[in-house]
Structures are given as structure tokens and as C-alpha cells.
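Please follow the chain with the model open beside the text. The account below moves from one strand and its partners to a neighbouring helix, then to a pocket and to other parts of the fold.

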Amino acid sequence: MKAARAAIILAAGKSTRMKSSRSKVLHHIGGRSMLSWVANLARSVDADKIVCVVGEANVDVRAAAEALGLDIAVQEPQLGTGHAVDCAKAALGDFSGQVAVLYADTPLIEPSTLEHVFDALDTADVAVLGFEPEDAGAYGRLIVEGDDLVAIVEAKDASAEQLAVGLCNSGVMAASAADMFSAVARVDKNNAKGEYYLTDIVEILRGDGKRAIVVKASETEVMGVNSRPDLALAERAFQDRMRSRMMEAGVTLRDPDTTYFAYDTVIAADADIGANCVFGPNVKIGGNTVIHPFCHIEGTQIGEGAQIGPFARLRPGTELGDTTKVGNFVETKKAKVGNCSKINHLSYIGDAVLGEGVNVGAGTITCNYDGFNKHMTQIGDGAFIGTNSSLVAPVKIGSGAYLGSGGVITENVPDDALAVARAKQVNKDGWAKRYRVAQAKRKSSKRKS
Ligand code: UD1
Ligand code: MG
């Protein structure tokens with residue numbers, strides 16, 4: 001039987017290098033916070049209990065962690081990673097399964113990788129996630145003998161020989177709760193930084209006759225974020241990962257480097273995505289749908305075989321049926337659009353429900369906001385909305401109705417009716433010619449005087 005799992009997420013650091021009024025772990029990658037990424041990582045390996053360690057000053061992190069349903073442990077003052085884990089002990093109560101330590105500022109670890117870390121506890125007592133960075137720099141070095149990890153040495157405490165080791169500590173490690181907390185309680189701070197190092201538990205547990213091993217990950221996966229350039233690198237790494245996954249799953253990306261996804265973007269096979277499209281959170285797109293270049297899409301569901309853009313902005317609450325068309329310079333928000341309907345040019349459709357086979361002419365605007373409240377526009381199946389219509393909500397256009405161009409529609413239109421809501425045209429014969437002659441005369445008499 002699989003042992004119960006818990007995770008401790010360390011997030012008590014100060015994050016000064018981010019130069020932000022927000023704590024760094026609340027900055028977003030792929031549309032969600034780093035903290036949320038790590039909480040989801042823990043959930044993805046079935047951690048029943050997740051404790052987030054925060055400092056007293058990290059009020060925003062605490063609130064975000066609570067909103068994510070995490071348990072909270074306060075570490076004050078911050079005396080090191082070992083001390084941080086020790087502070088989480090009370091929050092785990094009598095939990096007796098396996099515990100992984102994660103960092104809130106290391107958001108890109110794959111669930112399968114953390115799964116391997118836990119799996120390693122089948123043959124060892126401590127498993128540490130290691131990697132071989134291009135530049136080992138200030139990372140802790142993993143000292144290995146054969147298949148065993150014998151120690152983790154912090155760069156500041158390392159000998160020249162140890163510094164030459166290329167295998168480094170990502171920070172992620174797992175052990176049974178019993179081993180983790182018994183070892184952490186014995187960590188001291190006799191080291192270069194004068195901190196309680198979590199990394200010391202490897203030697204402590206080996207002293208108890210226990211075994212430690214290394215599980216390897218790629219450098220990109222364990223990339224930590226401390227600054228804005230790091231954030232940009234992590235975002236790029238995430239986007240590259242999503243781009244590859246989309247293409248592997250059968251989605252055409254015309255220019256992958258300029259296509260931006262959110263953590264939860266779902267696109268079916270045979271969709272075709274043009275250059276320079278941005279997908280915000282909560283987007284689902286059906287097969288064979290074409291998204292032409294320069295679209296911004298968030299909180300939107302699109303059916304199969306739709307044609308979107310170029311230059312469309314689809315905002316949250318947009319639901320487009322199969323084979324719908326939304327063309328250039330169209331904005332939608334909270335708009336449900338039935339199958340085969342078209343909104344081809346220059347329109348704003350907000351707080352609206354459109355039936356099937358509706359044709360919305362160029363320049364149509366739903367006037368949904370009266371300065372205080374939002375109101376609904378309803379358009380029945382097969383209605384034809386003439387060019388440059390203003391639909392003053394709340395308003396209902398019946399099925400099969402026909403709106404003459406340029407109308408300001410303030411009243412409901414019955415099924416199959418024609419609505420014309422504009423001033424009647426007046427033609428004055430010869431007026432333009434008389435006007436031109438009169439103006440020319442006036443101008444020449446002025447010049448003479
Ligand atoms: C740590 C590891 C190092 C590893 C590196 C990977 C130790 C002693 N060293 O070093 O081997 O290569 O991470 O990035 O563990 N934190 C707290 N409370 C504290 C101190 C830290 O919550 O008192 C949190 C930080 O917010 C951060 C994480 O723990 O999320 C790591 O702390 P940091 O100070 O960055 O550790 P490093 O010195 O980088
Ligand atoms: Mg660090």
C-alpha cells in the first residue's frame with residue numbers, strides 16, 4: 001500500500017531581489033502564482049496535508065496559502081531551511097506518512113518528477129532531488145559515493161574539491177515524517193551562514209544507519225525565481241513546455257515562439273493557431289478551430305471548426321458554438337453564441353445570448369452598461385443584425401428578425417419582424433450643386449476685398 005503523503009512548502013523568505021510590493025511567490029507564471037503551482041504540484045502527487053511555512057511579514061502569502069486551502073505554519077524569525085521545516089511539525093500533528101519539502105519559489109517541477117522522489121523512498125530513507133546546472137555557483141553540492149548520497153555541502157562551507165562537484169541540490173527532498181522531524185531537531189547552526197541547514201539531515205540520518213539517494217531532474221525544472229529576469233526565464237521555460245505539449249498533442253502552432261498559453265489551456269487536436277496569440281486562464285478550444293494571428297483569449301470556450309480573428313479579443317464568459325465566426329476587431333464578454341453564428345467585424349458583444357445562425361453586421365454594439373448595472377441582450381436563431389446597430393440592453397431580438405442598418409434598438413423586436421430605428425432619409429434635389437456655387441462665390445468675394 002502506498003504511504004500517506006504530505007508536503008511542506010517553504011515560503012518564509014524575504015524576496016527582496018524581486019523589488020516588488022508583493023511577495024515573490026505570488027508573482028505569476030503561465031497565469032497563476034508560483035505558490036499555486038507548487039500547491040498544485042503537491043496535490044498532483046496526492047499529498048493529503050500541505051503546510052505552507054510563512055514569515056510574520058508575509059501577510060499576503062499567508063492569505064493566498066489559506067485561499068488555496070493550505071495549512072499554515074509561521075516561522076519567525078527565519079533561521080534557515082532546517083528551522084523552517086521544524087516549524088511545520090506542529091501543523092502536521094500526528095501525520096506519520098512521507099513528507100516532501102518543496103520551495104514556493106521553484107514552480108516548474110513536474111508531478112512525475114516529484115512522484116519519482118517519493119518512489120525513491122521504497123529503497124532509501126531520504127531522497128534528494130538533484131540536478132547538474134551549467135553553473136553550480138552557490139548551490140549546495142551533492143556528495144555521492146556509489147549509489148548513495150553521503151552529504152550535502154553548502155557552497156559557502158565547501159572545500160575546493162567539493163566545489164568542483166557538478167551535481168547540486170534543488171532543495172526538494174523527501175523522507176518519512178518520523179525521520180525528517182527527528183533529524184531536523186538535531187540540526188545545528190555551526191556553519192558559514194550560522195543557519196539551521198535542512199541539508200544537514202542527510203548526514204544526521206546516515207549516522208542513524210539510514211540511506212540517502214539522489215533523484216535527478218533537469219535544470220529548467222528546478223529553476224528558482226528570485227528576480228524579474230528569473231521570472232522571465234521561468235515564464236519562457238513554461239511557455240516552451242506548453243508549446244511542445246500542444247504540438248505533440250496535434251495542435252498546429254504557426255509560430256510557436258509567439259504563442260502564449262496559461263497553465264490550464266486546453267486545445268483539441270487539429271486546431272490551428274496563428275502567430276501572436278495569447279491565451280489567458282480557462283480557455284478550451286475544440287478541434288479544427290482556426291485562431292488567426294493576434295488574438296487575446298481568456299475565460300472562453302470555443303467549439304469545433306470555429307474561425308476566430310485576426311485581432312479578436314475574447315474575454316471571460318465567452319462561449320462560442322461550433323463553426324462560429326468571430327472576425328477582426330471584435331470584443332466579446334459573457335457572450336454565448338450559438339452554432340454557425342457570425343460576428344465578423346468591429347463589434348462589441350457583451351452580456352449577450354445569441355442563438356444559432358445569427359448574423360451580426362459590422363460595427364454592432366451591445367449597449368450593456370447604463371453606468372450602474374449590466375443588462376442582457378438576447379438574439380434568437382437566424383436573426384440578422386444590420387450593420388452599425390446599437391442594441392440597448394435589456395433587449396430581445398426575436399428569431400428570424402431583421403434589423404435595418406444603423407438602428408438604435410431600445411425595444412424588443414418580435415420574431416421575423418423588420419425593425420428600423422433611424423431617422424428617415426431625406427433627398428433634396430440639386431442642393432449640393434447650389435451649395436457649392438454659393439460657397440465658391442462667397443470665397444472669391446472675400447479674396448477681392
Ligand atoms: C538552499 C539549499 C541549497 C540548495 C538551494 C537550491 C539549504 C541549507 N540550502 O539554499 O543546498 O542548492 O536551496 O535553491 O537548504 N526559507 C524559509 N525559511 C528560512 C530560510 C529559507 O522559509 O529560514 C525558504 C525560502 O523562502 C526559499 C527556500 O526556503 O523558498 C530556500 O531558501 P534559500 O535561502 O533560498 O536557500 P539557499 O541558500 O538558496
Ligand atoms: Mg535560494
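Two strands are taken to pair if DSSP finds at least two bridges between them. The model is a predicted one, and its strand S7, at residues 126–131, is a convenient place to apply that criterion. S7 and strand S11 (212–216) pair in the parallel sense over five bridges, and within this pairing Val-128 stands opposite Val-214 of S11. S7 is also joined to S10, by five bridges, but here the two strands run antiparallel, with Val-126 opposite Ala-175. Strands of a sheet pair through backbone hydrogen bonds, in either the parallel or the antiparallel sense.

How many of the residues of S7 are buried? Six of the six are, so the strand is largely enclosed by the rest of the structure. In a regular strand the side chains alternate between the two faces of the sheet. In S7, Val-126, Val-128 and Gly-130 point one way while Ala-127, Leu-129 and Phe-131 point the other way, and the residues of both sets are buried.

Helix H5, residues 111–119, has Thr-113, Leu-114, Val-117 and Phe-118 as its buried residues. Seen down the axis of the helix, these buried residues fall within an arc of 145°, so they line one face of H5. What they pack against includes S7, S10 and S11, and in addition strand S1, helix H1 (34–44) and strand S6 (98–103).

S1 and S10 are met again in the lining of the largest pocket, which holds about 1,600 Å³ of space. Of the 49 residues that line this pocket, Arg-17, Lys-24, Tyr-103, Asp-105 and Asn-226 are the closest to its centre. At least two lining residues come from each of strand S1 (5–11), helix H3 (81–87), strand S10 (168–176) and helix H9 (228–248), and S10 gives the most, with three residues. By character, the lining divides into 19 nonpolar, 18 polar and 12 charged residues.

Another part of the model is an open sheet of 10 strands with parallel pairing, in the order S12-S14-S17-S20-S23-S25-S27-S30-S33-S35. Its edge strands, each of which pairs on one side only, are S12 (252–253) and S35 (418–419). Within this sheet, strand S25 (residues 342–345) and strand S27 (residues 359–360) run parallel and are joined by two bridges, and the bridge partner of Lys-342 in S27 is Asn-359.

Two individual residues, each in a strand, remain to be placed. Thr-377 belongs to strand S29, which spans residues 377–379. Thr-377 is counted as buried because its relative accessible area is 0%. Leaving aside its neighbours within four places in sequence, Thr-377 is in contact with Asp-351, Ala-352, Val-353, Thr-366, Leu-391, Ala-393 and Val-395.

Asp-71 lies in strand S5, residues 71–74. With a relative accessibility of 30%, Asp-71 counts as partly exposed, a class that lies between the buried residues, under 20%, and the exposed ones, over 50%. When its neighbours within four places in sequence are again left aside, Asp-71 is in contact with Lys-49, Ile-50, Val-51 and Cys-52. The C-alpha atoms of Asp-71 and Ala-11 are separated by 13 Å, although the two residues are 60 residues apart along the chain.

Terms used:
Residues numbered from 1 in each chain as written. Chains lettered and ligands numbered in written order. Predicted model: local features only at pLDDT ≥ 70, side-chain atom pairs only at ≥ 80, totals over all residues. Heavy atoms only, no water. 1 Å grid on protein atoms, 1.4 Å probe; cavity = no way out; pocket = protein on both sides within 12 Å on 5 of 7 lines; lining within 4 Å. Points joined across faces, edges and corners; volume = space filled by probe spheres on them. Helix = DSSP H or I, 4+ residues; strand = E, 2+ residues; numbered from the N terminus. Nonpolar A, V, L, I, M, F, W, Y, C, P; charged D, E, K, R; others polar. Buried < 20%, exposed > 50% of the residue type's maximum accessible area, 1.4 Å probe, protein only. Contact = heavy atoms within 4.5 Å. Arc of directions from axis to C-beta.
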